[in-house]
Amino acid sequence: LSSSGLGATDIGNKRAIGGIAREFYRRVRSHYDDRAAWTWESREEFKGHGHPAGEDAAWTFEPHVAEKIFLDLVARERIDVVFGERLELGRVVPLRDRRITSIEMESGRRFEGTYFIDATYEGDLLARAGVSFHVGREPNARYGETLNGVQTRNATKHQFRQRVDPYVKPGDPSSGLVWGVSAEQPAAEGEGDAHVQAYCFRLCATDVAENRIPWAKPADYDPARYELLLRYFEAGETMAPWHPLFMPNRKTDANNNGAFSFDMIGAADRYAQASWAERARIVAAHESYQKGLLWALANEPRVPQAVREEFQRFGLPKDEFRDNGGWPRLLYIREARRMIGEYVMTEHECRGARVAPRSIGLAAYTMDSHNVQRYVDASGAVRNEGDVQVGGFPPYPIDYGAILPKREQCRNLFVPVCMSSSHIAYGSIRMEPVFMVLGESAAIAASLAIVQGVDPHALEYDDLRARLLAAGQVLE
């Protein structure tokens, strides 16, 4: 996602980032230290954040810059990256002595290996290999947490600030619900469910007229999709529903903001375990929804004039995602499967009540979940549920066992992204710099296991720790 619109680095304390991840952000700094990189504004004109004076790294960047840095790193190491292949989801990955020996792609191509790293956002390899996982929210009782499961009381952010009627014919439940409102009621507070926090595209937009593609009205545009938002405005809401952080060259990383915004609430539940075809339909639905929303915000007469004028200033950049009409290539999969591994990270580790003993990197962000469902409350008004934002704790270690499956299930797999964590702890861990750190630590552990001729589960942590520190990883 760092090269698909998420240019505002999400992490609390930047000192927690080491290793190759730190090198990536140093290269971002080096790129923008060159005045030639500033094409649509000068460095002095830049009003955004993330480029503090005197630091070795920079933390906000354009998508194409991130992509070039990643490709340059690959070229420097002469790594043969195979593009355009994806795992065959219709079959189980066979194990021999609890080890994966090869994986098969949809094309029929096979890849063999001694160790495998599932670094996907979805966790397809771990699932096909029979490794335990969870999708959705665990009940608080499972790990003795307080912020997991249904969270109606904590859902105060990105919430409706005015009362909005949810029915097609206002006041008449028999007329049915407007688009985007579920007839389902949340389970009891703190109980688990299968709902997944909402996805969206992290939008790279620009207000430079010469570089701007105006918002296009989708061919399948349906104003009924946005009726709830239009009623919200009519009830008195005045905020432009997005959060545009400025990147260099008058571009944004724009995220969800408000009760009805970029997040397509309720549309993410099936994605993790869907087929490739169904995933494509889910992604297309998100794209259609978000493009239609942008057009509506700029053009629908029921939108306040000040909001319309703000969105009319912006559009997609001509010089980003040139092969995709300026639109980000990837949907932001905030959460999908989460492995149930050798060690489960929970709210207790986030708060420091329990310290992971075998650190392979640090997390440093608020426990953050986006909304998962939109429903009708007891008063007959629309409410969102699932948003949690609780922080106030320092960086904390992530345990080596959290990227390992249980040994009795698989002995040669590492999972640094869909790692072993409760839903609410994953809300803190799930940041791209942390995924970079965990990915490097997984690779170092795999190489050490090859050298020593042992299973990853049997590695001596002191040996692994020494290798991680030598690579520049920050462990505490």
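The following paragraphs describe a predicted model of one protein chain, from its overall form to individual residues. Local features are reported where pLDDT is at least 70 and side-chain atom pairs only at pLDDT 80 or more, while totals for chains, interfaces and linings use all residues. Residues are numbered from 1 along each chain as its sequence is written, and side-chain values use heavy atoms, with hydrogens and water left out.

The protein chain has eleven helices and 20 strands; these are DSSP runs numbered from the N terminus, helices being H or I runs of at least four residues and strands E runs of at least two. Its radius of gyration is 23 Å, close to the 23 Å that the globule rule gives for 476 residues, so the chain is as compact as a globular protein of that length. The radius is taken over C-alpha atoms, and the rule is 2.2 Å times the number of residues to the power 0.38. Along the principal axes, the C-alpha atoms fill a box of roughly 65 × 55 × 45 Å. The accessible surface comes to about 19600 Å², and 51% of it belongs to carbon and sulfur atoms; such areas come from the Shrake-Rupley method with a 1.4 Å probe, and for residues only the protein chains shown count as cover.

Buried residues make up 56% of the 476 residues. Here buried means under 20% relative accessible area, exposed means over 50%, and partly exposed lies in between (1.4 Å probe, protein chains only). Among contacts between residues at least 6 apart in sequence, 76% join residues at least 24 apart, where contact means heavy atoms within 4.5 Å.

In soluble globular proteins, nonpolar side chains tend to be buried together. A nonpolar core is a set of buried Ala, Val, Leu, Ile, Met, Phe, Trp, Tyr and Cys residues joined through side-chain atoms within 4.5 Å. The largest such core holds 63 residues, of which M345, I398, Y400, F414, M419, I429 and L464 touch the most other members. Elements that give two or more residues to this core include α1 (19–33), α2 (63–76), β19 (396–399) and α11 (461–470). Helix α10 gives the most, with eleven residues. Apart from this core lies another, of 49 residues, among them V196, L229, A272 and V382.

Two of the residues named in the largest core can be followed more closely. I398 is placed in strand β19 and, at 0% relative accessibility, counts as buried. Beyond its neighbours within four places in sequence, I398 is in contact with residues including M345, A356, I360, M419, I429 and L438. I429, not counting residues up to four places away in sequence, touches M345, A363, Y396, I398, M419, S421, V434, F435 and L438.

F61 lies elsewhere along the chain, in the loop between α1 and α2. With 1% relative accessibility, F61 counts as buried. Leaving aside neighbours within four places in sequence, its contacts include S2, L6, F24, Y25, Y32, M247 and P248.

Aromatic rings form a further theme. A search of the whole structure finds 23 aromatic pairs. Rings of Phe, Tyr and Trp (its six-membered ring) pair if their centres lie within 6.5 Å; planes under 30 degrees apart count as stacked, over 60 as edge-to-face and the rest as tilted. Y221 and Y226 form a stacked pair, 5.7 Å centre to centre with 15 degrees between the planes, and both residues are buried. The rings of F260 and Y289 have centres 6.1 Å apart and planes at 55 degrees, so this pair is tilted. It links distant parts of the chain, since F260 is in the loop between β11 (251–255) and α6 (276–299) and Y289 is in helix α6, 29 residues apart. Both F260 and Y289 are buried. These four residues, together with W179 and W295, form one aromatic cluster.

Charged side chains also meet aromatic rings. The charged end of K14 sits over the ring of W59, 5.8 Å from its centre, and that of K291 over the ring of W327, 5.1 Å from its centre. A charge sits over a ring if NZ of Lys or CZ of Arg is within 6 Å of the ring centre and within 35 degrees of the ring normal.

The backbone offers a final detail. Most residues other than glycine have a negative phi. The phi of H158, however, is positive, near 50 degrees; H158 lies in the loop between α4 (140–143) and β7 (167–169). R250 also has a positive phi, near 55 degrees, and is placed in the loop between β10 (243–247) and β11. R250 is partly exposed, with a relative accessible area of 24%.
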